[in-house]
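User: I'm new to this one and would like to know what stands behind the labels people put on it. Can we go through them one by one?

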Amino acid sequence: MPTSRHASSGAGIVLLYAPDYEQFRPAYPVFESGSVLGRDPSADIYVPTRTASRHHARIEQRGDVWHLSDLGGRNGTIHNGELVTEAVLAHLDEIRIGSAIFKFVESDVEGYAHHRIDGAYLDDPDSPPEVWPRSSTSRIVGGYQSQLLAGRLREIARSELSVLILGESGTGKEIFAEQLHDWSGRRGPLQAVNCAAIPPALVEGELFGHRRGAFSGAERDRMGIVRAAHQGTLLLDEIGDMPLEAQAKLLRVIQSKEIMPLGAAQPEQVDVRIVAATHRDLDALQQKGAFRADLFARLNEYSITLPPLRERKEDIFSLCVALANRHGRHEVRPSMAFMASLLHHDFPYNVRELEALIKRWAATARGPELDLEDLSDEIRSRMRTYGARSSGSMPPPAAADAARTTLIPEDKAALSAGEEAYAPRGALPPRTSPDEKVLRELLVQQRGNVAAVARELGRDRAQVHRWIRRYNMNIDEFR
């Protein structure tokens with residue numbers, strides 16, 4: 001273990017939520033030789049909440065592995081939803097100290113230090129809060145990771161480069177495309193087409209339009225989506241699902257800047273900026289012959305990949321506020337229990353799933369507080385085991401019982417059923433993980449259904465995603 005007292009190369013913890021988050025820094029680097037977290041101002045990482053102990057927990061590096069240790073505080077230390085005395089830390093693991101919830105990052109903690117969870121941007125994290133400027137008023141809501149990608153788009157927004165936006169369904173690809181169009185300064189509109197929703201026989205007419213009399217029932221000219229985007233931006237959503245025949249015709253449009261409407265005698269010039277988006281693995285589709293390599297080369301002049309919500313949980317609080325505003329509720333107060341529940345969930349459907357939850361709440365006549373009754377059944381079910389003791393890291397019985405009953409008064413209801421945790425018969429022994437072969441076999445059997453694999457192993461989906469990242473697997477290969 002290093003004896004020098006210096007910060008690690010980018011490792012640290014990022015605040016995900018605390019009721020008094022304004023009193024916290026957005027992120028804290030950790031020392032390789034060990035950093036103590038606690039309520040005492042002299043602690044290496046000062047956690048300014050009465051629910052933390054003076055010296056609550058410790059993070060240190062032993063060899064190449066980071067460890068989290070509880071220091072005996074009355075409220076205990078929670079790691080990925082389990083009450084622990086000690087745990088190995090992996091990238092994106094969640095740590096709860098009293099009423100403050102963090103995530104551990106292995107690198108780039110300095111970048112997170114400028115972005116507060118409510119969207120405020122801190123030029124100087126050490127300056128008083130009243131001098132902190134607000135973040136930009138762009139469509140893109142989120143902190144460090146989201147704004148880093150937004151900045152990359154802004155740099156090339158006024159160019160003619162075609163842009164490919166990749167990411168899981170529900171991560172906000174259309175929002176990024178809309179923001180790119182706003183920044184582009186192009187005079188025409190943004191026109192979006194869902195390539196997966198158009199029947200193959202109708203793709204050509206939808207994209208390129210037709211002339212009156214081109215076929216039976218064509219009683220008048222139709223412009224087509226590409227022409228409608230003239231001097232603007234054409235968003236080809238779900239481009240990975242476009243039929244091969246249509247791909248060939250789209251390639252000709254991109255190369256020639258011309259379209260040939262059905263029934264037309266002459267091609268028409270068009271000026272469009274192409275933005276394509278997909279959740280599919282286009283490299284794998286090319287290998288299968290389902291996506292043209294030459295079209296990919298044209299679309300991929302510049303690309304970004306949006307991270308799933310489970311990898312940017314520091315955005316959840318600001319997204320709740322923004323989505324509430326979008327749906328007509330301009331006052332919103334998430335409870336501690338509500339936020340702890342959201343942060344414990346891995347959001348397989350990403351921001352779209354969070355928006356559905358907020359939208360349901362916004363449709364009610366209740367007050368501004370978001371609480372346990374506003375959660376989905378699935379999220380409430382996952383909270384049944386939240387804060388339960390890790391049998392592989394058992395605290396002394398008296399301390400464990402005290403931690404269980406005093407964890408946080410605000411979310412006792414979310415924790416009350418923890419002793420009734422269900423463990424499937426095929427569950428892994430505590431504190432163990434599957435090797436790569438076993439995990440791969442399960443993913444093949446379940447056709448990439450992470451939830452089903454998690455049930456087989458008796459673990460949360462979030463943990464299965466961590467193992468997938470550890471073994472550098474691509475989940476799309478199994479679907």
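User: Over how many bridges do S12 and S17 pair, and in which sense?

Analyst: Keep in mind that this is a predicted model. S12 and S17 pair over 4 bridges, in the parallel sense. Two strands count as paired from at least two bridges on, so with 4 bridges S12 and S17 qualify. Within this pair, leucine 166 sits opposite threonine 278 of S17.

User: What makes S14 a partner of strand S13 and of strand S17?

Analyst: Bridges again. Strand S13 (residues 190-194) is joined to S14 by 5 bridges, and the two run parallel. In that pairing, alanine 192 faces leucine 235 of S14. S14 and strand S17 (residues 272-278) share 6 bridges, also in the parallel sense. Here leucine 234 is opposite isoleucine 274 in S17, and aspartate 237 has alanine 277 as its bridge partner in S17.

User: Which order do the strands of this sheet take, and why are S13 and S18 said to stand at the edges?

Analyst: The order is S13-S14-S17-S12-S18, an open sheet of 5 strands with parallel pairing. S13 and strand S18 (302-305) each have a single partner strand, so each has one side without a neighbour in the sheet. As for twist, neighbouring strands here are turned by 15 degrees against each other on average, ignoring direction.

User: How do you know that S14 is largely enclosed?

Analyst: A residue counts as buried when its relative accessible area is under 20%. In S14 (residues 232-237), 6 of the 6 residues are buried, so the rest of the structure largely encloses the strand.

User: What makes you say that both faces of S17 are covered?

Analyst: Look at the two sides separately. On one side Val272, Ile274, Ala276 and Thr278 are buried, and on the other Arg273, Val275 and Ala277 are buried too. With 7 of the 7 residues of S17 buried, this strand is largely enclosed as well.

User: Which helix lies across S17, and what should its direction relative to S18 be called?

Analyst: Helix H2 (residues 144-156) lies across strand S12 (163-166), S17 and S18. H2 runs at about 165 degrees to S18. Angles over 145 degrees count as roughly antiparallel, so H2 is roughly antiparallel to S18.

User: Why is helix H9 called oblique to helix H11?

Analyst: Helix H9 (residues 316-326) and helix H11 (residues 350-362) pack at an angle of about 50 degrees, and their axes are 9 Å apart. Roughly parallel needs an angle under 35 degrees, and roughly perpendicular starts at 65. An angle of about 50 degrees fits neither, so H9 is oblique to H11. The crossing of H9 past H11 is right-handed.

User: Which residues of H9 and H11 meet?

Analyst: From H9 come Ile316, Leu319, Cys320, Leu323, Ala324 and Arg326. They meet Val351, Leu354, Glu355, Ile358 and Trp361 of H11.

User: What makes helix H10 mostly covered?

Analyst: In H10 (residues 336-344), 9 of its 9 residues are buried. Among them are Met336, Phe338, Met339, Leu342 and His344.

User: How much of the whole protein is buried, and how many helices and strands does it have?

Analyst: Of its 479 residues, 53% count as buried. The secondary structure comes to 17 helices and 21 strands. The accessible surface is about 22000 Å², with 48% of it belonging to carbon and sulfur atoms.

Terms used
Residues numbered from 1 in each chain as written. Predicted model: local features only at pLDDT ≥ 70, side-chain atom pairs only at ≥ 80, totals over all residues. Heavy atoms only, no water. Buried < 20%, exposed > 50% of the residue type's maximum accessible area, 1.4 Å probe, protein only. Areas by Shrake-Rupley, 256 points an atom, 1.4 Å probe, with all protein chains shown as cover. Axes fitted to C-alpha atoms, helices over the stretch in contact; angles between N-to-C directions. Contact = heavy atoms within 4.5 Å. Parallel < 35°, antiparallel > 145°, perpendicular 65-115°, else oblique. Left-handed = near helix turned anticlockwise from the far one by under 90°.
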